[in-house]
Amino acid sequence: MQITKPTKAEVTRELKDYIFITLGLISYALGWAAFLIPYQITTGGTTGIGAIIYYATGFPIQWSYFIINAVLMTFAIKILGPKFSIKTTFAIFGLTFFLWFFQLLVNGPDGVPPQLLGEGQDFMACLIGAAMCGAGLGIVFNCNGSTGGTDIIAAIINKYRDITLGRVVLICDMIIISSSYFVLKDWEKVVYGFVTLYICSFVLDQVVNSARQSVQFFIISNKYEEIGRHINEYPHRGVTIINATGFYTGREVKMMFVLAKKRESPIIFRLIKDIDPNAFVSQSAVIGVYGEGFDHRSE
């Protein structure tokens, strides 16, 4: 088997991925060390399991996280293959280090994590910590990375059973958060755990999808040539003319199909209104437009 040498563009792309994965791990670890751990808030994933073990025994969260993922990765490499594990392994080692480093940075001389927002600010700590964790995970996922944990369990189960990855992760996270009651003996902390999970998931989705938000237009106008020319000139978007027929009138019309970034929508609407106020315009949101002028497929 001949091994092809990676191109400069591929090396640059991979290097960029690892830099952003590192930034995402920093945000995730700081959210835990500075906001979630000091207020004894947990959430899903193997980090959540590590947090529960830490609250119960004082055993460092980073080592629980590392040991659990090391075991899971052993199975993942055998079952899913080595390609799955490269960036995940990097993320596991990186997150283990950053969890240790930021706790060392934040904790007081006695090793106890201080409540930076003051006592009784559990909800605010939950919001900030969850947002930082969600943003961090979103950045990691955007670069085809993973922090392991329940993602590995979900991928393994999905290989053999027709169960969606999201459902497996959700079930695992609910079990982990609910089990924190047996350690903390406080249902309020359990509720905070579920709030953290929801906010983290919401922010993650926003980060993953925000960079890919595009819109598509279907425009019907007698002045299609002039509108199309202006869209070509600015905001420099391509226009596809589709031959269509009105069902009621039976009249043939020209329909324009345009893909653009969401932020360019007001520009397109404005120029359509200036040229033909009576034009029929349909706009809808799309996620993931790949090709020239839009996103690049990550292989």
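The legends below accompany several close-up views of this predicted model.

**Figure 1. The whole chain, as a starting point for the close-ups.** Before zooming in, here is the overall picture. The chain folds into eleven helices and four strands. Of its 299 residues, 42% count as buried. Among contacts between residues at least 6 apart in sequence, 71% join residues at least 24 apart.

**Figure 2. Helix α1 beside helix α2.** This view takes in helix α1, residues 8–36, and helix α2, residues 45–57. Their axes lie 13 Å apart and make an angle of about 30°. With angles under 35 degrees counting as roughly parallel, that makes α1 roughly parallel to α2. The crossing of α1 past α2 is right-handed. On the α1 side, the contact is made by Tyr28, Trp32 and Leu36; on the α2 side, look for Thr47, Gly48, Ala51 and Tyr55. Sorted by character, the residues of this contact come to five nonpolar and two polar, with no charged residue.

**Figure 3. Helix α1 against helix α5.** Here α1 meets helix α5, which spans residues 122–142. The two axes come within 7 Å and cross at roughly 165°. Angles over 145 degrees count as roughly antiparallel, and α1 and α5 are therefore roughly antiparallel to each other. This time, α1 passes α5 in a left-handed crossing. From α1, the residues that take part include Phe20, Gly24, Tyr28, Trp32 and Leu36. Their partners in α5 include Ala125, Gly129, Met132, Gly136 and Val140. The contact as a whole divides into 18 nonpolar and five polar residues, and no charged ones.

**Figure 4. Isoleucine 139, a residue of the α1–α5 contact.** Zoom in further and you will find isoleucine 139 in helix α5, where it is one of the residues that meet α1. Leaving aside residues up to four places away in sequence, isoleucine 139 touches Phe20, Gly24 and Val207. Leucine 25 is 114 residues from isoleucine 139 in sequence, yet their C-alpha atoms are 8.5 Å apart in space. Isoleucine 139 has a relative accessibility of 27% and so counts as partly exposed.

**Figure 5. A stacked pair within helix α4.** A search of the whole structure finds 13 aromatic pairs. One of them joins phenylalanine 98 and phenylalanine 102, with ring centres 6.1 Å apart and planes at 25°, so the pair is stacked. Both residues lie in helix α4, residues 82–106, and they sit four residues apart, about one turn of the helix. Phenylalanine 98 counts as buried at 13% relative accessibility, and phenylalanine 102 is buried too, with a relative accessible area of 10%. Take a look at the surroundings as well: Phe97, Phe98, Trp100, Phe101 and Phe102 form one aromatic cluster.

**Figure 6. A tilted pair linking helices α5 and α9.** The final view returns to helix α5, now for phenylalanine 123 and its ring partner, tyrosine 192. The ring centres are 6.4 Å apart and the planes stand at 40°, so this pair is tilted. Tyrosine 192 belongs to helix α9, residues 187–210, and the pair therefore ties together parts that are 69 residues apart in sequence. The two partners differ in exposure: phenylalanine 123 is partly exposed at 43% relative accessibility, whereas tyrosine 192 is buried, with a relative accessible area of 14%.

Key. Residues are numbered from 1 along each chain as its sequence is written. This is a predicted model: local features need pLDDT of at least 70, side-chain atom pairs count only at pLDDT 80 or more; totals for chains, interfaces and linings use all residues. Side-chain values use heavy atoms; hydrogens and water are left out. Axes are lines fitted to C-alpha atoms, for helices over the stretch in contact, and angles run from 0 to 180 degrees between N-to-C directions. Helices (H or I, at least four residues) and strands (E, at least two) are DSSP runs, numbered from the N terminus. Angles under 35 degrees count as roughly parallel, over 145 as roughly antiparallel, 65 to 115 as roughly perpendicular and the rest as oblique. A crossing is left-handed if the near helix is turned anticlockwise from the far one by less than a right angle, and right-handed if clockwise. Contact means heavy atoms within 4.5 Å. Ala, Val, Leu, Ile, Met, Phe, Trp, Tyr, Cys and Pro count as nonpolar, Asp, Glu, Lys and Arg as charged, and the others, Gly among them, as polar. Rings of Phe, Tyr and Trp (its six-membered ring) pair if their centres lie within 6.5 Å; planes under 30 degrees apart count as stacked, over 60 as edge-to-face and the rest as tilted. Buried means under 20% relative accessible area, exposed over 50%, partly exposed in between (1.4 Å probe, protein chains only).
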